[in-house]
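The following account is intended for a reader who meets this structure for the first time. Please keep the sequence and the three-dimensional view at hand while reading.

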Amino acid sequence: MNHYLVAPAGTPIVFGELVKTLYDRFKSESHAISLSKKIQSFTGSRHCYFLNSGRTAQTVLLSAMRSIADDNRKEVILPAYTCYSVAAATVRAGLKIRLVDVDPANFDFDFEDLGNVDGGRVLAALGCNLFGVLNDWDRLNEIAQLGQYFLVDDGAQSFGASYKGRASGTLGTAGFYSLGRGKALTTYNGGILVTNNKEIASQLDEIVSNLPAAGLLQESVVYVKMMMYSMFIRPSLYWIPASLPFLGLGETLYEDDFGMSRLSSVQTVAGSVIFESILYFHTLRAENAMELASEVLDLGKFEIPGWDAKNCPPYLRLPVLAPDRDSRERAIEELRSVGIVATRMYPSTVRDIPGIEPHLASNRSDFPGARQLVDRLFTLPTHPYLTEQDFDNIVAGLRRI
Ligand SMILES: Cc1ncc(COP(=O)(O)O)c(C=O)c1O
């Protein structure tokens, strides 16, 4: 067995940050205020809420939007290729999913397809900014204004990126971030919701205050999980969790009965402590992505969605398109043999998630852009644990395909 394994994504949490988290947790009562101030000044959002996951944030946001919109607006536009939990949160909010195909060159909506949707039944559209590649928010805003529906900026994978000087997550009517394990700001799990819309905020004040808070036992459990994460995300130890199938690392499951609560105090403190280092990691990730992408493109066989040599996106993971499914599978195997975990991401389009059919607004099944991503996409790590030797191994591995 290979005892050196580079995780597909991750952000270091160092020992000192864990100690400070514990100290601050019991020192003062104002943890939420400290993180709020940081998020508000970083994003320019007046209102922010801390939840136990990105999917909870999305669910409560859609519920707040629903409570102030016309009754006939019960559909949410989603890209046909995205994280399964985006679909799950939409279903959890009691809404129907209206799928729009994506452009495999940048994960954005196929705008012709989007323009053809009858906006009269739509409550909101959700831009997912996959891997840190931002949607074209100017265009999305234009189309949403025509249909008079809300826009949700899903910044789960793009925290820290910006679009024309504005923070990702703030480009729609409201937005959210995930604090999950592979994300730029992680507290093992969690979510942050931001908005400047007063009407939505007043609904959210009520909905969020009615959610349960985490007890001391749950806080202790999650603190231990953060400690484990901080240790086992290192390439010298990652092989241990990766060899335990019951942990289900890298598995994509559809679950719309997830628990919903507010973020625990210890995670709110951790978020505030860790926040200080994310900009540094953000820069490292962008540098790694830049170097890796240039070398992968030089091989002449692969494409990189969203690639812009002059303005490299801060890829949370580097998405790569192989020529076909077979070479994608061979690339993943080859990379694993040199100690790199490359991932396939989502195993199907949203249309093909088992059991999703009753929740779709139409029975359309042709999503050629999304299907290309299902067949050809894999991702490479860009996180700060990547070494020069890993770069060489990745490029040498891909050259053999
Ligand atoms: C694009 C996107 N949106 C939403 C979510 C949901 O976030 P969470 O896992 O914190 O519920 C994720 C999770 O990975 C995601 O990738």
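The paragraphs below proceed from the domains to the sheet, and then to the ligand and the helices.

The model is a predicted one. Its chain is assigned two domains: domain 1 covers residues 15-209, while domain 2 is made of residues 219-239 together with 276-399. Taken over C-alpha atoms, the centres of domain 1 and domain 2 are 21 Å apart. To the contact, domain 1 contributes 33 residues and domain 2 contributes 35 residues. On the side of domain 1 that touches domain 2, at least two residues come from each of β2 (75-79), α4 (84-92) and β3 (96-100). Of the elements on this side, β3 gives the most, with 4 residues. Sorted by class, the side of domain 1 that touches domain 2 holds 20 nonpolar, 6 polar and 7 charged residues.

The sheet may be considered next. It is an open sheet of 7 strands with mixed pairing, and its strands follow the order β1-β9-β8-β5-β4-β2-β3. The edges are occupied by β1 and β3; each has a single partner strand, so one side of each lacks a neighbour in the sheet. On average, and with direction ignored, neighbouring strands of this sheet are turned by 25° against each other.

Toward the β3 edge, β2 and β3 run parallel and are joined by 5 bridges. Within this pair, E75 has K96 of β3 as its bridge partner. The helix α4 packs on the sheet, where it touches β2, β3, β4 (122-127) and β5 (150-154). The direction of α4 makes about 180° with that of β2.

How many of the 5 residues of strand β9 are buried? For β9 (residues 191-195) the count is 5 of the 5, so this strand is largely enclosed by the rest of the structure. In a regular strand, side chains alternate between the two faces of the sheet. Both faces of β9 are covered, for G191, L193 and T195 are buried on one side, and I192 and V194 are buried on the other. In the sheet, β9 runs antiparallel to strand β1 (residues 47-51), to which 5 bridges join it. The pairing of β9 with strand β8 (residues 174-178) is also antiparallel and extends over 5 bridges. The residue I192 of β9 appears in both pairings: it is the bridge partner of F50 and the bridge partner of Y177.

Attention now turns to the ligand. It is surrounded by 14 residues, of which S53, G54, R55, A156 and S178 are the closest. The helices α3 (54-68) and α4 each provide at least two residues of the shell around the ligand. By class, this shell comprises 4 nonpolar, 8 polar and 2 charged residues.

Further helices complete the description. The axes of α8 (residues 216-232) and α10 (residues 265-298) come within 8 Å and cross at roughly 35°. In this contact, α8 takes part through E219, V222, Y223 and M226, and α10 through S265, V266, Q267 and A270. The residues of the contact of α8 with α10 comprise 5 nonpolar, 2 polar and 1 charged. In helix α12 (residues 368-376), the buried residues are G369, A370, R371 and L373. These buried residues of α12 pack against β11 (377-381).

Methods
Residues numbered from 1 in each chain as written. Predicted model: local features only at pLDDT ≥ 70, side-chain atom pairs only at ≥ 80, totals over all residues. Domains from an automatic or database assignment. Contact = placed C-beta atoms within 7 Å. Nonpolar A, V, L, I, M, F, W, Y, C, P; charged D, E, K, R; others polar. Buried ≥ 20, exposed ≤ 12 C-beta atoms within 10 Å, placed from the backbone. Pairing = 2+ DSSP bridges. Near = placed C-beta within 6 Å. Axes fitted to C-alpha atoms, helices over the stretch in contact; angles between N-to-C directions.
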